[in-house]
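Me: Please take a close look at one part of this structure, the charged side-chain pairs, and set them against the chain as a whole. I would like the partners, the distances and the exposure of each partner.

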Amino acid sequence: MARPWKTAFRGAIASAFFAFFACATAPGRPEAAPAQRNVVIVVWDGLRPDAVNADDTPNLARLRDGGVDFTDHHSTYPTFTMMNSASFATGGFPGTAGFYGNVVWQPGAQGEDSSGKPVDFRQPVFSEDYAILDALGRQVEGRLLLAPTLFDAAQKAGMATIALGKNGAAYLQDLRRWGMLLDEKTVLPLRLAKDLQGLGVPLPATAPNAYGFGDLLLSSTNGDPTLFAPPERLKDGISSDPTDASGIRY
């Protein structure tokens with residue numbers, strides 16, 4: 001079951017695709033060669049292939065059966081999200097990509113997290129945050145990933161790109177910020193953020209922190225697309241109610 005915050009975030013993702021194609025074809029931009037196709041690659045963090053079926057996950061099953069299913073895809077190092085995200089970005093194992101875990105220690109780095117709070121990099125830091133990744137990248141002079149990425153190749157070939165999803169993992173796909181990004185912490189670039197606002201899509205509460213003061217303002221009605229709504233519980237107050245049908249089946 002998808003909880004309300006997940007439903008809102010999926011709505012933002014759908015709107016981002018709309019804004020992405022609007023930006024890619026906006027007047028005043030240089031004419032590009034006609035696109036042959038649009039490519040969408042979907043990675044589900046922690047989802048086992050045998051959990052996808054027509055009864056339990058009909059939408060995912062339909063998406064899989066109508067596209068390409070990578071049947072031999074597996075974790076390069078179970079089960080660290082960011083290490084596997086780096087491998088997904090580069091096509092290389094950790095030793096090639098150069099990224100080794102969700103928590104890293106790089107004491108020379110300086111900077112703030114996505115909420116604007118100073119980070120003590122003398123301690124190990126949780127890297128699922130675009131601002132922390134930026135700080136770590138500055139410390140190593142932009143070589144946070146040691147191998148070229150799929151997004152690098154696509155952008156150099158003149159393709160427009162957008163990364164959508166989990167904070168940190170999605171951002172790791174496009175560290176250069178040459179494309180568009182929507183995750184749980186921010187929206188990049190500013191034009192995409194304002195396009196989404198124009199469509200009435202709520203933005204992450206920390207989205208303005210990626211820009212200069214006053215560049216991006218959230219209205220009082222913005223809401224919070226990542227707000228967690230506790231699931232319905234059984235009488236013990238602990239167990240989730242398996243009959244709760246308030247969400248949307250994947």
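Reply: Start with Arg-122, which forms a salt bridge with Asp-120; the closest N and O atoms of this pair are 2.9 Å apart. The model is a predicted one, and the distances and areas below are computed from it. Arg-122 has a relative accessibility of 61% and counts as exposed. Asp-120 comes to 35% and counts as partly exposed. Arg-122 is classed as exposed because its value lies over the 50% cut-off, whereas the 35% of Asp-120 falls between the limits of 20% and 50%.

A further pair joins Asp-134 and Arg-177, with 2.7 Å between the closest N and O atoms. This salt bridge links distant parts of the chain, its two residues being 43 apart. Asp-134 belongs to helix 5, which covers residues 130–139. Arg-177 sits in the loop between strand 3 (162–165) and strand 4 (180–183). Asp-134 is buried, with a relative accessible area of 19%; it falls in that class because the cut-off for buried is under 20%. Its partner Arg-177, at 35% relative accessibility, counts as partly exposed.

Another pair is Arg-48 with Asp-50, whose side chains meet in a salt bridge at 2.5 Å from N to O. Arg-48 is exposed, with a relative accessible area of 55%. Asp-50 is exposed as well, at 53%. Both residues carry that label because their values are over 50%.

On the background to such pairs, side chains of opposite charge can pair when their charged atoms come close. In this model the count comes to six salt bridges, among them Arg-122 with Asp-120, Asp-134 with Arg-177 and Arg-48 with Asp-50.

As for the setting, the chain has seven helices and five strands. From the N terminus on, these elements run α-α-α-α-β-β-α-α-β-β-β-α. Of the 250 residues, 38% count as buried, and Asp-134 is one of the buried residues. The chain exposes about 15,200 Å², with carbon and sulfur atoms supplying 57% of that area. Among contacts between residues at least 6 apart in sequence, 48% join residues at least 24 apart. The pair of Asp-134 and Arg-177, at 43 residues apart, spans a separation beyond that limit of 24.

Conventions:
Residues numbered from 1 in each chain as written. Predicted model: local features only at pLDDT ≥ 70, side-chain atom pairs only at ≥ 80, totals over all residues. Heavy atoms only, no water. Helix = DSSP H or I, 4+ residues; strand = E, 2+ residues; numbered from the N terminus. Buried < 20%, exposed > 50% of the residue type's maximum accessible area, 1.4 Å probe, protein only. Contact = heavy atoms within 4.5 Å. Areas by Shrake-Rupley, 256 points an atom, 1.4 Å probe, with all protein chains shown as cover. Salt bridge = Lys/Arg side-chain N within 4 Å of Asp/Glu carboxyl O.
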